[in-house]
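Let's take a relaxed look at one protein chain, from its inside to its surface. Keep the picture handy while you read.

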Amino acid sequence: MNEEIETGAPWVRLEIVSVTLGAYFREDSRNDLVLVQTITDLPCIVLELVSTDNNRTAVGIALSSPLADIRDSAVGLAESFGVPLVDCTLPAARRAQM
């Protein structure tokens, strides 16, 4: 389940994205993936590596950490992949305030 993520190209940026989860996968006792639905949507922040063809790979999920702490951690992660950090939570927050 924990596979190594290629740190070189084709990654072009790391995005901080605000999402809600309605389900997640976990491994059962036979190492099969099982989809578990949540009772309510769980708000969370996801860190996504974005490739040149706009495919995305989630590299982190935070359910209850303060956004400022997530941003601080994401800076170092973006540097380790050699890509810029883009915070997509700011435009979403501005839209929500309108």
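Here is a short tour of the core, a surface patch, a polar contact and the cysteines.

Bear in mind that this is a predicted model. Start with the inside. The largest nonpolar core has 12 residues in all, among them Trp 11, Ile 45, Ala 74 and Phe 81. Strand β1 (11-27), strand β2 and helix α1 (67-81) each chip in at least two residues of this core. The largest share belongs to α1, with four residues. That suits a general trend: in soluble globular proteins, nonpolar side chains tend to be buried together.

Not every nonpolar side chain is tucked away, though. Phe 25, Leu 33 and Leu 35 make a nonpolar patch on the surface, and together they have about 330 Å² of accessible area. Leu 35 sits in strand β2, which covers residues 33-51.

Glu 48 is also found in strand β2. Its side chain makes a polar contact of 2.9 Å with the side chain of Arg 56.

How do a few of these residues, plus two cysteines, compare in cover?

| Residue | Relative accessibility | Class |
|---|---|---|
| Leu 35 | 48% | partly exposed |
| Glu 48 | 16% | buried |
| Cys 44 | 5% | buried |
| Cys 88 | 28% | partly exposed |

Why does Glu 48 count as buried? Glu 48 counts as buried because its relative accessibility is 16%, and the cut-off for buried is under 20%.

And how many disulfides are there? The count comes to zero.

Conventions. Residues numbered from 1 in each chain as written. Predicted model: local features only at pLDDT ≥ 70, side-chain atom pairs only at ≥ 80, totals over all residues. Heavy atoms only, no water. Patch = residues over 30% accessible without salt bridge, like charges linked within 9 Å, V, L, I, M, F, W, Y side chains within 5 Å. Areas by Shrake-Rupley, 256 points an atom, 1.4 Å probe, with all protein chains shown as cover. Salt bridge = Lys/Arg side-chain N within 4 Å of Asp/Glu carboxyl O. Buried < 20%, exposed > 50% of the residue type's maximum accessible area, 1.4 Å probe, protein only. Core = buried A, V, L, I, M, F, W, Y, C linked by side-chain atoms within 4.5 Å. Disulfide = S-S within 2.5 Å. Polar contact = N/O pair within 3.5 Å; in protein donor to acceptor, adjacent residues only side chain to side chain.
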